[in-house]
Amino acid sequence: MNRIPIFFGLILIANFSCKDGEKYNETIDERPNIVLILADDMGYSDLGSYGGEINTPNIDSLAHGGIRFTNFYNAGRCCPTRASLLTGVYAHQAGIGNMVYGKDLGGGYQGYLNRTSVTLAEVLGGAGYKTMMAGKWHVGHKEPDQWPTGRGFERFYGINIHVDSYWKVLEDCEVYLDGKLHIAATEDPKNDLHPEKDWYTTDVFTDYGIHFLNEEVAKKKENKQPFFLYMAYNAPHFPLEAPDADIAKYKGKYLEGWDKLRKEKYERMKELGVISQNAKLSPPDNVNWDTLSQSDKENLDFRRAMYAAQIDNLDQNIGRLVQYLKDIGQYENTLVLFLSDNGCSAETDMFGMNWGKYTVNNYPEWKEESGWSVSQGKAWANVSNVPFRMYKRYNHEGGTATPLIAHWPKKIEAGQIIKHTGHIVDIMATLGDLANAKYPGTYSGHTITSLEGKTLAPLFKGEPAEEHEYIYWEHIGNRAIRKGDWKMVAISEKPWELYNLKEDPTELNNLINDEPELVQELKNAYFAWAERADVREWPLEKTD
């Protein structure tokens, strides 16, 4: 009997169940390997293929060789995005309505992935995939069953919380390998795979990603099991730390300032087609560059150079990973997805952390101190998020818009730009669809929350995909809802704003007083969602 390839014949049906603990063992050669790559705090327009000035040839090759999504959203901050990415439900429904730190407030705010959600590793593993991860977990860390190896990943190397330094492992940031503490808090970690090299997180995470592929795929050629590799990098999250050679490529490049660069990026983005021709550049959210002293300009140039170097280095590492896929014959049938967890970070203040304390002139000294050293601040983040307003943590476009690249040589036609509106919850539905994986109604004795995402897989073969009726956001009181071209959004404890994103992609013309019936509809839908998703009033102390 001829079998129709699932890529063309399968549509994932949310909420149909499999028996508790059941493994889905059917072997289908058409199923792709999957490499999911997540950047940390990278702005919408930092990549060259999205109009940026940073040298990213390897990521750009994936973009031009596949699909660039121009209307895709994350959840606005690292923990919530990772929760939704991994589970296909909104972050509160997965237990991470805020962050992974602090008091367990239960329900949507327990601070680690709950058991009424399932992870990509659990779902894809149940469909016969080998599951591996390297990088930053950040969705639970207090107990082993909250770690990746407790949530479906067979192999894991990385850091369970955040990264305080790219060069060192500090007190609250321990490294784990396959469920066991690998490097305790220390100031001198080693890269066990390449001990002759400096320990630099982006390099080491890639080393382990390749190491897992070597052990589980290249050395097991007789095993036709497809693989899922989740590469969750911490770059380019602050602190700004990068190899000297990478920094040197950019030092001096930014002395002309952010005003000129913002305009250049904006024009490139229109030429590339990653923003619409009617999109206006949002007003600058920084000081006039020409009013700064030469010393300030040199220090600001250096901070941006360090940030650019982190992304450049990330691109080099993704190039290494892609080359290894080619070396082991797995490139053609591997779907690579690349995106960022939120918009660029404005932390802290206009020029960043430790402004005036750590300078380009004393860099050799504070480089050795390491850990929470400097960030690039609001002024440069405003450049990374061109053409949008606002930043990480907020639900305006600057906080939630992400580049999404989909590359699959065997199936995806090169050179596409797709305007379909998607959300981070769609990744689970898409990968489950392509993997012929059953999204369970129950898992390990728990009733599983209904899948919120919608598959993007039809887009990969040139067909339309189902749109969301509504898309929702909430984080620390910042909130939003989108329906079609309309988006209603608010900053915590401030009034709602309303924008028509087709006519006003950068949220400059607030129509909240012009569409009362629509506003009421959106409010009703938002608060109905908030109730079912356990979104509580912010600050949480009001409801404790």
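**An antiparallel sheet, internal spaces and backbone exceptions**

In the predicted model, four strands form an open sheet in the order β14-β15-β16-β17, and their pairing is antiparallel. The edges are taken by β14 (471–475) and β17 (497–500), each of which pairs on one side only. From one strand to the next, the twist averages 10°. Helix α14 (residues 516–532) packs on this sheet and touches β14, β15 (478–483), β16 and β17. The direction of α14 makes about 65° with that of β14.

The pairings can be followed strand by strand. Between β14 and β15 there are five bridges in the antiparallel sense, and H475 stands opposite N478 in β15. The hairpin of β14 and β15 has two residues between the strands, and in this hairpin I476 takes a positive phi near 40°. Antiparallel pairing over five bridges also links β15 and β16. Here K483 stands opposite W486 in β16. The hairpin of β15 and β16 likewise has two residues between the strands, with G484 at a positive phi near 60°. Strand β16 (residues 486–490) pairs with β17 over four bridges, again in the antiparallel sense, and M488 is placed opposite L498 in β17. Of the six residues of β15, five are buried, so this strand is largely enclosed by the rest of the structure.

Internal spaces were examined next. The model holds four cavities of 30 Å³ or more. The largest cavity contains about 90 Å³ of space. Its lining is made up of A75, P80, S84, Y90, A91, H92, N395, H423, Y472, W473, E474 and W529. Two elements, α3 (78–87) and β14, give two or more residues to the lining of the largest cavity. The largest share, three residues, comes from β14, the strand that also forms one edge of the sheet. By class, the lining of the largest cavity comprises seven nonpolar, four polar and one charged residues.

The second largest cavity has about 60 Å³ of space. It is lined by D41, P236, H237, F238, Y307, C344, S345, E347, S375, Q376 and G377. This lining divides into four nonpolar, five polar and two charged residues. Two of its members, D41 and E347, also take part in backbone exceptions: D41 has a positive phi, and E347 is joined to T348 by a cis peptide bond.

Among the pockets, the second largest has a volume of about 430 Å³. Its lining consists of 21 residues, of which N71, S276, L501, K502 and P505 lie nearest the centre of the pocket. Strand β2 (residues 67–73) supplies the largest share of this lining, with four residues. The lining of the second largest pocket is divided into ten nonpolar, six polar and five charged residues.

Several backbone geometries depart from the usual pattern. Most residues other than glycine have a negative phi, and most peptide bonds are trans. The cis peptide bond between E347 and T348 has an omega of about -20°, and T348 is found in the loop between β8 (334–340) and α9 (363–369). A cis peptide bond also joins V386 and P387, with omega at about 5°. P387 is placed in the loop between α10 (377–384) and α11 (397–400).

Positive phi values occur at D41 and S444, neither of which is a glycine. For D41, phi is near 70°. This residue lies in the loop between β1 (33–39) and α2 (57–64). With a relative accessibility of 2%, D41 counts as buried, and D41 is among the residues lining the second largest cavity. For S444, phi is about 50°. S444 lies in the loop between β12 (442–443) and β13 (446–447). Its relative accessible area is 49%, and S444 is therefore partly exposed, given that the exposed class requires over 50%.

Definitions and conventions: Residues numbered from 1 in each chain as written. Predicted model: local features only at pLDDT ≥ 70, side-chain atom pairs only at ≥ 80, totals over all residues. Heavy atoms only, no water. Pairing = 2+ DSSP bridges. Axes fitted to C-alpha atoms, helices over the stretch in contact; angles between N-to-C directions. Contact = heavy atoms within 4.5 Å. 1 Å grid on protein atoms, 1.4 Å probe; cavity = no way out; pocket = protein on both sides within 12 Å on 5 of 7 lines; lining within 4 Å. Points joined across faces, edges and corners; volume = space filled by probe spheres on them. Nonpolar A, V, L, I, M, F, W, Y, C, P; charged D, E, K, R; others polar. Buried < 20%, exposed > 50% of the residue type's maximum accessible area, 1.4 Å probe, protein only.
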